[in-house]
Amino acid sequence: MTEEDVGIRSELAQHLGRSIYPADKPTVVDKLRRDHAPDRLVALAERLPAGELYPNVQTIAESIGLATEHRRS
C-alpha cells in the first residue's frame with residue numbers, strides 16, 4: 001500500500017461513515033456527493049462496477065484499484 005492509497009481509503013471512510021453499508025455504487029456516489037467529498041473521490045466511486053454490493057470501505061477500495069492490506073489468519 002502506498003501512502004496515497006492509505007490516504008484515499010481514509011478519506012472515503014470519513015465521508016462514507018459506517019451507516020450506509022452494505023451499499024451499492026449509486027448509494028456510494030450519492031453519499032459522497034451529499035457529503036461534499038472532493039471531486040476525485042466521487043470520480044473514483046463512479047468507477048465502481050455496477051450491480052455489486054459493498055459491505056465496507058475495504059471492498060470499495062479494492063474495487064477501485066487501491067492497494068489494501070490483507071490480514072493474516
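**Helix α1 and its partners in a predicted model**

Biologist: What relative accessibility does Arg40 have, and how is the residue classed?
Modeller: The model is a predicted one. In it, Arg40 falls between the limits of 20% for buried and 50% for exposed. The value for Arg40 is 43% relative accessibility, so the class is partly exposed.

Biologist: Which residue forms a salt bridge with Arg40?
Modeller: The closest N and O atoms of this pair are 2.2 Å apart. Arg40 lies in helix α3 and its partner in helix α1, so the bridge ties together parts that are 29 residues apart in sequence. The partner of Arg40 is Glu11.

Biologist: Which residue pairs with Arg34 in a salt bridge?
Modeller: Arg34 is exposed, with a relative accessible area of 54%. Its partner counts as partly exposed at 38% relative accessibility. The two are four residues apart in helix α2 and are therefore separated by about one helical turn. With 2.8 Å between the closest N and O atoms, the partner of Arg34 is Asp30.

Biologist: Which residue does Arg33 bridge to?
Modeller: Arg33 is partly exposed, at a relative accessible area of 47%, and its partner is also partly exposed, at 36%. Arg33 belongs to helix α2 and the partner to the loop between α3 and α4, 13 residues apart, so that distant parts of the chain are linked. The closest N and O atoms are 2.2 Å apart, and the residue bridged to Arg33 is Glu46.

Biologist: How many salt bridges does the count come to?
Modeller: The pairs are Arg40 with Glu11, Arg34 with Asp30 and Arg33 with Glu46. The count of salt bridges comes to three.

Biologist: What distance does helix α1 reach from its first C-alpha to its last?
Modeller: Helix α1 runs over residues 3–16 and has 14 residues. At 1.5 Å a residue, a span of 20 Å is expected, and the model comes close to this. The distance reached by α1 is 20 Å.

Biologist: Around the axis of α1, what arc do the buried residues cover?
Modeller: The buried residues of α1 are Asp5, Ile8, Arg9, Leu12, His15 and Leu16. In an α-helix there are 3.6 residues a turn, so residues three or four places apart point the same way. The buried set lies on the same side of α1, because its arc is only 130 degrees.

Biologist: Which residues of α1 are exposed on the other side?
Modeller: The buried residues of α1 pack against α2, α3 and α4. Away from that buried side, the exposed residues are Glu3 and Gln14.

Biologist: With the side chain of which residue does the side chain of His15 make a polar contact?
Modeller: His15 lies in helix α1 and is buried, with a relative accessible area of 14%. Beyond four places in sequence, His15 touches several residues, among them Lys31, Leu32, Pro38 and Leu41. The polar contact spans 2.6 Å, and the partner of His15 is Asp35.

Biologist: Is His36 buried or exposed?
Modeller: His36 is placed in the loop between α2 and α3. Its phi is near 55 degrees, a positive value in a residue other than glycine. Exposure requires over 50%; at a relative accessible area of 69%, His36 is therefore exposed.

Biologist: Which element gives the most to the largest nonpolar core?
Modeller: This core has 21 residues, and those that touch the most other members are Leu12, Leu16, Tyr21, Val28, Leu32, Leu48 and Ile60. Two or more residues come from each of α1, α2, α3 and α4. With four residues, the element that gives the most to this core is α3.

Biologist: What is the omega of the peptide bond from Tyr21 to Pro22?
Modeller: Pro22 lies in the loop between α1 and α2. Tyr21 touches Leu16, Tyr54, Pro55, Asn56, Val57 and Ile60, leaving out residues up to four places away in sequence. The peptide bond from Tyr21 to Pro22 is cis, and its omega is near -5 degrees.

Biologist: What relative accessible area does Leu66 have?
Modeller: Leu66 is in the segment after α4. Apart from its neighbours within four places in sequence, it is in contact with Asp5, Ile8, Arg9 and Ala61. Leu66 is buried because its relative accessible area is 11%.

Note on methods
Residues numbered from 1 in each chain as written. Predicted model: local features only at pLDDT ≥ 70, side-chain atom pairs only at ≥ 80, totals over all residues. Heavy atoms only, no water. Buried < 20%, exposed > 50% of the residue type's maximum accessible area, 1.4 Å probe, protein only. Contact = heavy atoms within 4.5 Å. Expected span 1.5 Å × (residues − 1). Arc of directions from axis to C-beta. Polar contact = N/O pair within 3.5 Å; in protein donor to acceptor, adjacent residues only side chain to side chain. Core = buried A, V, L, I, M, F, W, Y, C linked by side-chain atoms within 4.5 Å. Salt bridge = Lys/Arg side-chain N within 4 Å of Asp/Glu carboxyl O.
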